[in-house]
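Me: I am new to this structure and would like to go through it step by step. Could you take my questions in turn?

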Amino acid sequence: MDLQQLESRLLASPEGAPAEGDQGAGEENLTPAAVLVPLVHRPEGYQMLLTRRTDHLRDHPGQISFPGGRMELDDASPVHAALREAEEEIGLAAHLPRVLGYLPPYRTGTGFKVFPVVALLEPPFDLSLDDFEVAEVFEVPLDFLLDPGNHRQEKLYYRGALREYTAMPYGDHFIWGATAGMILSLYRRLHGL
């Protein structure tokens, strides 16, 4: 992946950008949220840093996600919210990520309008997990996630309707839902789709 190409394809601001989203996601009364989409620059290539949520959480227990969460009233911007949440959840110091830009807002079937903030992380960095919210942090090669050969189409019944979604199984991790949707958004931006 060429970092300069990526930066040129990301949004400078999410304002006014058409939202993408889960199949069946509504448009109204969505709770604003922000996530950090961290790309880690490793010698073997770029990695995407992801978390696995703890199993006891009310929302999305055990699922793979990006660090992030609801925007608070005192969050000045989606960037502020994403960096604040990443610091709270995984102990990532807010000054470490270099923000590259935004992906389009993402509407979830669970009532959120998520603002994905793409950022570069240069090692070394230390993490300290909030063990109430985060069970694990791990990295997946970006090349793996952006390879359409690793994207599977799945179906499930949700709220009385059959829904289709993309999944990206990686080892013991099943990446799907909004997280996979935002990764697909990154893929489309990189390929001008």
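**Rings, salt bridges and one glycine**

Reply: To begin with one residue, Tyr165 has a relative accessibility of 17% and therefore counts as buried; buried means under 20% relative accessible area, exposed over 50%, and partly exposed in between, using a 1.4 Å probe and protein chains only. The model is predicted: local features need pLDDT of at least 70 and side-chain atom pairs count only at pLDDT 80 or more, whereas totals for chains, interfaces and linings use all residues. Residues are numbered from 1 along each chain as its sequence is written, and side-chain values use heavy atoms, with hydrogens and water left out.

Me: What does the chain average in pLDDT?

Reply: The average is 90, and 91% of the residues score at least 70. Here pLDDT is the predictor's confidence in each residue, from 0 to 100.

Me: Which element has the lowest mean pLDDT?

Reply: That is strand E10 (residues 152-158), with a mean of 79, while E6 has the highest, 97. Helices (H or I, at least four residues) and strands (E, at least two) are DSSP runs, numbered from the N terminus.

Me: Moving to rings, how many aromatic pairs are there?

Reply: The count comes to 2 aromatic pairs. Rings of Phe, Tyr and Trp (its six-membered ring) pair if their centres lie within 6.5 Å; planes under 30 degrees apart count as stacked, over 60 as edge-to-face and the rest as tilted. In one pair, Phe144 and Tyr170 have ring centres 4.9 Å apart and planes at 65 degrees, so this pair is edge-to-face. Phe144 belongs to helix H3 (residues 142-145) and Tyr170 to strand E11 (residues 161-170), so the pair ties together parts 26 residues apart in sequence. Tyr170 is partly exposed, at 27% relative accessible area.

Me: And why is the pair of Tyr165 and Trp176 called tilted?

Reply: The ring centres of Tyr165 and Trp176 are 5.0 Å apart and the planes stand at 55 degrees, so the pair is tilted. It links distant parts of the chain, with Tyr165 in strand E11 and Trp176 in the loop between strand E12 (173-175) and helix H4 (177-190), 11 residues apart. Trp176 counts as partly exposed, at 25% relative accessibility.

Me: New topic: how many salt bridges does a search of the whole structure find?

Reply: The search finds 8 salt bridges, each being a side-chain nitrogen of Lys or Arg within 4 Å of a carboxyl oxygen of Asp or Glu. One of them joins Glu7 and Arg98, with the closest N and O atoms 3.4 Å apart. This pair links distant parts of the chain, Glu7 in helix H1 (residues 3-9) and Arg98 in strand E6 (residues 98-102), 91 residues apart.

Me: What about Glu88 and Arg84: how far apart are they in helix H2?

Reply: They are 4 residues apart in helix H2 (residues 78-90), which means a separation of about one helical turn. Their side chains meet in a salt bridge at 3.2 Å, N to O. Glu88 counts as partly exposed at 43% relative accessibility, whereas Arg84 is buried at 17% relative accessible area. Salt bridges that share partners join Asp75, Arg84, Glu85 and Glu88 into one network.

Me: Finally, is Gly69 buried or exposed?

Reply: Gly69 counts as buried, at 18% relative accessibility, and its place is in strand E5 (residues 68-70). Leaving aside neighbours within four places in sequence, Gly69 is in contact (heavy atoms within 4.5 Å) with Ala33, Ala34 and Glu85.
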